[in-house]
Amino acid sequence: MNSIEKQPSPLWTNATSEARLTGTWRSAMPHYQNLPSPCRGACPVGGRIAEWVRHIELGDYKAAWTTLVDNNPFPAIAGRICHHPCETACNRNALDETVGICSLERFVGDLALKEGWAYPKPKQERKETIAVVGGGPAGLSACYQLRRLGYQVSLYESQEQLGGLLRYGIPAYRLEKKILDGEIQRILDMGVDLHLNAEVGSAQALKELHAKHDAVYLATGASRSKNLPGLDYAQSWVMDSAEFLADTNAGKACDLGRDLVVIGGGSAAMDVARTARRLGRNVTVLALEPDDLLPAHEVEVIEAKEEAITFVTGAMMQSAETNGDGIVLKCIKVDFKPGEKRGQFTIDPIAGSEFELSAHGIIPSIGQDADLKRWQDLLDAAGPVVSTDGDWQTSTPGIFAGGDVASMDRFVTQAIGMGKEAAWGIARQVDAATAPARPEAEPLIPYEVINTSYHAKHRRLQAANRDVEARLQTFDEVQLPLALEEAVAEAKRCFSCGTCIYCDNCYLYCPDMAITKLERGYEVKNDYCKGCGLCVAECPTGSIHMEKEQKA
Amino acid sequence: MNAISNKMLLSGNHAVSWAVKLVQPDVAPVYPITPQTPILEKITEFEGRGEISTELVTPESEHSAMAACISASLTGARVFTATSSQGLLLMHELLHYASGARAPIVMFNVNRTPASPWGFWPDQLDSLSQRDTGWVQLYSESPQESLDSVIQAYRIAETVSLPTMISHDAFYVSHSLEVVDVPGEKMVRDFLPDYEPENMLDVASGKSFGAPIDQKTWNRSRREMAASFAEVEAQVNAAGADWGKLTGRSYGALEEYRSQDADVVIVTMGSMCGTARVAVDALRDQGLSVGLLKVRQFRPFPTESVCKALGHAKSVVVLDRNYSPGMGGILHQELKAALYGAAQGPKVHGLLAGVGGMNVPPEKIMSLVGQYKDAEPSVESQWVE
C-alpha cells in the first residue's frame with residue numbers, strides 16, 4: 001500500500017475551472033450603475049459633483065473644470081455665493097462632516113481663471129439664432145449652453161454692463177468684480193452678439209425680437225422692490241435696498257445717516273446690512289421671522305453678527321416718523337408662522353409687545369417682484385411670475401423664460417440651472433434630433449450602500465474667513481480660498497457616491513474571478529458569477545448593486 | 001549571537017520562540033490562547049525589536065490563522081504558527097486541508113484540556129483527537145526538546161511535504177523553566193537547508209492548487225500521502241541523529257530508556273516521560289527489571305519499531321494523559337493495535353493516569369508498576385487514582 005510510482009502531482013495543475021459554469025447557481029446578479037450622488041440630486045445645476053471632486057483628488061484640475069462647466073459656466077462665482085444644498089445633502093454628514101463642495105468649486109473656478117482656461121468653440125456652428133433677453137445668471141447660463149450647442153446667440157442687456165444681480169446686487173466682499181468679469185468674458189469669447197443698454201421693455205418689442213429669431217429666452221429678473229406698507233418711500237431717510245446695493249457696487253457715496261435699520265431677513269437684507277457696516281454705519285436688522293427661521297443662509301447671519309450687526313427678530317415696523325435729527329420706528333413683536341412654501345407665512349402681532357427703535361435711516365429689503373405688466377398682452381402669468389411649462393416655455397410658443405422672472409426660487413445657482421434647462425428646451429424645440437435629452441429622475445445613492453470601512457474619519461477643511469476687523473475696513477472678500485493641498489485633502493474626503501473610482505475592489509474580491517477588467521470599468525461574467533454580492537459589499541462608492549434574477 | 005551556543009534559562013514556551021527566532025520562518029500567522037500565548041508574545045517581541053524578518057499576520061481566529069498558514073506555505077514560504085486546545089480544535093477543518101495540500105507548515109501546540117468543563121490543564125486530547133488529519137505529530141517532554149524539535153520539524157516536514165505538529169504539556173513544560181542550550185544561528189542554518197518546494201503558487205508557472213478533482217485523483221492523493229508517511233520515521237531519526245552530531249543531543253521516533261532488557265516497560269508521551277525515568281531508576285535500584293519506552297513520534301505511529309522495542313517484554317504499562325470517551329486511552333489503543341498479531345506479545349495494561357492534568361509523581365508510577373506488572377491485563381483502559 002505504501003508504494004506508488006513517482007510522477008508529478010496531479011493536484012497542481014495549469015487547467016482551469018472554466019468548464020464549471022457556476023453562474024447557473026445564481027439568484028441575483030451584480031450590476032455596475034453610476035447613479036447620482038445626493039449632492040448631484042440637490043444641485044440646482046445638476047452638477048456631476050462626485051466626478052469633478054474625484055478629478056481634484058487625482059490632481060487633474062483641468063478635467064475637474066471641464067466636468068464642472070458642463071452644467072455651470074460660473075464655478076468661481078458659485079464657489080463663493082452658492083447656498084450649496086449639495087453640502088446639506090452630502091452622505092458624508094452621516095460619518096463625520098459634509099464635504100466642503102462649495103470651497104472646492106471655488107478652487108477649481110479660481111484656478112481656471114488664473115490659468116486662462118477657455119471654452120472650446122462649438123463642434124459645429126448652426127444657422128439658427130436665439131435671442132436672450134437679460135444678462136444675469138439665467139440669461140448668461142442660457143447663452144453659454146446655446147453656444148455650446150452651436151446656436152447663434154444675440155444677448156440684450158438693459159444695463160451698461162452684464163451680470164444682473166451678480167453685478168448690481170451681490171456686494172464685492174462676497175464676490176469680487178474681477179471674478180465676475182472673468183467668468184462672463186469667457187462666455188462672450190465663445191462668440192455672442194452682444195447688445196448693451198438695449199432694453200426690451202414691452203410685449204411689442206418682445207414680439208418683434210421673436211420674429212427675428214428662432215426662439216427667445218426671457219431672463220429679465222425681478223428688479224421691482226416690494227413696498228413695505230406704512231413706510232413713505234419719498235422720505236430722504238428711506239432708501240430702497242436694490243438702489244442702495246447698486247449705488248454702492250458702483251462706488252457711489254451713501255447719504256443716509258449714522259444709525260440704520262435694515263428691514264428684512266433674507267440674503268439681500270444681509271448684503272445691505274453688511275455693506276452698510278463697511279460704510280461705517282451702525283446697523284440693526286429688523287425681521288419678521290424669529291432667529292431660527294430667517295430666510296438668509298445661516299452663514300450669512302453668523303457673519304453679519306460677527307460684524308456687530310444687531311438683530312431684532314420676530315418683530316415688524318408699524319410706522320416710522322421723524323424725531324429731531326433722527327427717526328423713530330414704532331415696532332411690535334409678532335407671532336410668525338411659516339407657510340407650506342418658501343416665502344409664505346402668517347403673522348399675528350402680539351398685543352402689548354410694542355417697542356421703539358431709533359435710527360437715521362431705513363433700508364427696506366423685503367424682496368423683489370418681477371415686472372410682468374409689460375408682457376401681459378403676450379405672456380400668461382402664474383402668480384407673481386411668468387407662467388412656463390416643463391421646458392420653461394411660456395404661453396407663447398418659441399418664447400421661453402427663466403430666472404427670477406419665471407420662478408420664486410431666488411438663488412443665483414438656481415437661475416443658472418434654469419438657464420441650462422431652458423437652453424436645452426429651446427434646442428429640443430428647434431431641432432429635437434440633436435438636442436440633449438431631458439434628464440430622467442434616478443434614485444440617489446443612500447449612505448447605507450457606502451462601505452465606510454474605506455473612508456477614515458477626517459475633519460472637514462474649512463476655508464478661513466478674513467478677521468472681522470479687517471473685513472470692516474474694506475470690501476475685500478470675506479471668505480479666503482483653500483490652498484491646493486487643502487483642496488486635494490478635502491476632495492479625498494468625498495465618498496464618490498455612485499461614481500466608480502476604478503479601485504479594483506470588485507475585481508480583487510470576487511471569489512470566482514467572474515469580473516473582467518475593461519479598459520475603463522468592469523464587466524461581470526454571466527457564466528461564472530454566483531451572485532454572492534461580495535463585490536457590492538466591498539464597493540467603497542456604492543456603484544454596484546444586486547438585482548434579483550427570475551429563472552424560468 | 002555569535003557563539004556556537006548559549007545557555008539560557010527558558011520556559012518551554014520561550015524555548016519554542018527561540019527556535020522560531022533561529023529558523024526565521026517567512027510568515028507566522030498567530031492567534032493568542034492560554035497557555036500558548038507566551039510563544040507568540042516572545043515572537044512579536046523579537047519582531048518588534050527587528051531581530052527577525054518574519055512577517056507576522058494577526059487574523060481574527062485560529063481558523064483564519066491556519067488558512068493564512070496554508071496560503072503562505074503554498075506560495076513557497078516557510079511558515080510557523082502556535083496554538084492550543086480550543087484553537088487547535090477550531091483549526092480542525094483546515095488541518096485536513098493543509099495535509100492534503102502537502103503544505104509543510106510547522107505548528108506548535110500546547111496540550112490543554114478541551115472544554116467543557118472549562119480548564120487549562122495539561123491533557124493531550126486536543127492534539128491526539130487530530131490524529132487522522134494527516135499531520136506528523138511529535139511530543140516533547142522538556143523546553144530543550146521543544147526547541148530542538150521545532151528546528152528538526154522544518155527539515156522533516158519539508159523533506160516529506162507534510163505539515164508537522166509538535167506538542168508539549170501545558171504548564172508542566174510550557175511554563176516550567178530550565179537551562180536551555182540555545183544553538184547559534186549558523187548551526188541552525190547549516191542544519192536546515194533552504195525550502196525549495198517542487199510546486200508553488202507562482203504567476204511564472206501559472207500552476208494552481210485546489211481545483212475539484214475526480215474520485216480516482218482523490219484516492220491517489222491519499223496513496224501519495226501514505227507513501228510520504230512511510231518515510232517519516234526514517235526522516236525523524238535522521239534529523240534527530242544529525243542534530244545530535246551538532247549538539248550532542250540526539251532524538252528519534254522512539255526513545256528506549258533502560259528498556260532493552262526489561263521485563264516491564266512503561267510506555268508514555270510528553271512530560272510524563274521525565275517522571276517515568278525517575279521511577280525506572282528507583283525501581284531498578286530495588287532490583288526490578290523495568291524500563292521506559294518514550295513515544296516521541298505519535299504520527300505516523302512507528303508500529304514496527306514499537307513491536308521491536310517491546311517484543312521481549314513480559315508486560316507493558318501504558319500511561320495515558322488523555323481519554324477518548326467510549327474507547328479509553330489513545331496511546332493504549334494504538335499500542336494494542338500495533339502489537340496485535342505479534343508472535344509473543346507482552347501483556348498490555350492501559351492506565352488512564354494523568355487525565356485532566358492530574359499530577360502523576362514518580363512514587364505513583366512505581367506503585368502502578370508494582371500493581372500491574374504481574375496482573376492479567378484488561379481489554380479496557382483502567383482509571384487509576
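This report describes selected features of a predicted model, namely the make-up of chain A, three of its helices and their surroundings, and several backbone details in chains A and B.

## Chain A as a whole

Chain A contains 18 helices and 22 strands. Its C-alpha trace extends over about 120 × 55 × 45 Å along the principal axes. Of the 552 residues in chain A, 44% are buried. Considering contacts in chain A between residues at least 6 apart in sequence, 71% link residues at least 24 apart.

## Helix 7 of chain A

Helix 7 of chain A covers residues 137-148, twelve residues in total. From its first C-alpha to its last, helix 7 reaches 16 Å, which is close to the 16 Å expected at 1.5 Å a residue. Helix 7 of chain A is mostly covered, with twelve of its twelve residues buried. The buried set runs from A:Pro137 to A:Arg148, and among its members are A:Gly139, A:Ser141, A:Cys143, A:Tyr144 and A:Gln145. A:Arg147 and A:Arg148 also belong to the buried residues of this helix.

What do the buried residues of helix 7 of chain A pack against? Their partners include three strands of chain A, namely strand 3 (129-133), strand 4 (152-156) and strand 6 (215-218). The same residues also pack against helix 8 (165-168), helix 9 (177-188) and helix 14 (412-430) of chain A. After helix 7 of chain A comes A:Gly150, which has a positive phi, near 95 degrees.

## Helix 2 and helix 16 of chain A

Helix 2 (residues 49-57) and helix 16 (residues 484-492) of chain A have axes that come within 8 Å and cross at roughly 130 degrees. Because of this angle, helix 2 of chain A and helix 16 of chain A are oblique to each other. Their crossing is left-handed.

On the helix 2 side of chain A, the contact involves A:Val53, A:Ile56 and A:Glu57. These residues meet A:Ala487, A:Val488, A:Ala491 and A:Lys492 in helix 16 of chain A. By class, the residues of this contact between helix 2 and helix 16 of chain A comprise five nonpolar, no polar and two charged.

## Helix 2 and helix 6 of chain A

Helix 2 of chain A also packs with helix 6 (residues 101-115) of chain A, at an angle of about 60 degrees and with the axes 11 Å apart. Helix 2 of chain A is therefore oblique to helix 6 of chain A. The crossing of helix 2 of chain A past helix 6 of chain A is left-handed.

Helix 2 of chain A contributes A:Ile49, A:Trp52, A:Val53 and A:Ile56, which meet A:Ile101, A:Leu104 and A:Val108 in helix 6 of chain A. The residues of this contact between helix 2 and helix 6 of chain A are seven nonpolar, no polar and no charged. A:Val53 and A:Ile56 thus appear in the contact with helix 6 and in the contact with helix 16.

## Positive phi angles outside glycine

A:Asp504 is not a glycine, yet its phi is positive, about 75 degrees. A:Asp504 lies in the loop of chain A between helix 16 and helix 17 (505-509). Is A:Asp504 buried or exposed? A:Asp504 is exposed, because 11 other C-beta atoms lie within 10 Å.

In chain B, B:Arg102 is likewise not a glycine and has a positive phi of about 55 degrees. B:Arg102 occupies the loop between helix 5 (92-100) and strand 5 of chain B. With 25 other C-beta atoms within 10 Å, B:Arg102 is buried.

## Cis peptide bonds in chain B

The peptide bond that runs from B:Ala115 to B:Ser116 is cis, and its omega is near -5 degrees. B:Ser116 falls in the loop between strand 5 (106-111) and helix 6 (125-128) of chain B.

The bond from B:Arg299 to B:Pro300 is also cis, with omega near -5 degrees. B:Pro300 is situated in the loop between strand 13 (297-299) and helix 11 (303-310) of chain B.

## A loop position at A:Ala253

A:Ala253 sits in the loop between helix 11 (241-249) and strand 8 (259-263) of chain A. A:Ala253 is exposed, since 7 other C-beta atoms lie within 10 Å. A:Ala253 and A:Arg147 are 106 residues apart along the chain, and their C-alpha atoms are separated by 39 Å. A:Arg147, by contrast with the exposed A:Ala253, is among the buried residues of helix 7 of chain A.

Note on methods. Residues numbered from 1 in each chain as written. Chains lettered and ligands numbered in written order. Predicted model: local features only at pLDDT ≥ 70, side-chain atom pairs only at ≥ 80, totals over all residues. Helix = DSSP H or I, 4+ residues; strand = E, 2+ residues; numbered from the N terminus. Expected span 1.5 Å × (residues − 1). Buried ≥ 20, exposed ≤ 12 C-beta atoms within 10 Å, placed from the backbone. Contact = placed C-beta atoms within 7 Å. Axes fitted to C-alpha atoms, helices over the stretch in contact; angles between N-to-C directions. Parallel < 35°, antiparallel > 145°, perpendicular 65-115°, else oblique. Left-handed = near helix turned anticlockwise from the far one by under 90°. Nonpolar A, V, L, I, M, F, W, Y, C, P; charged D, E, K, R; others polar.
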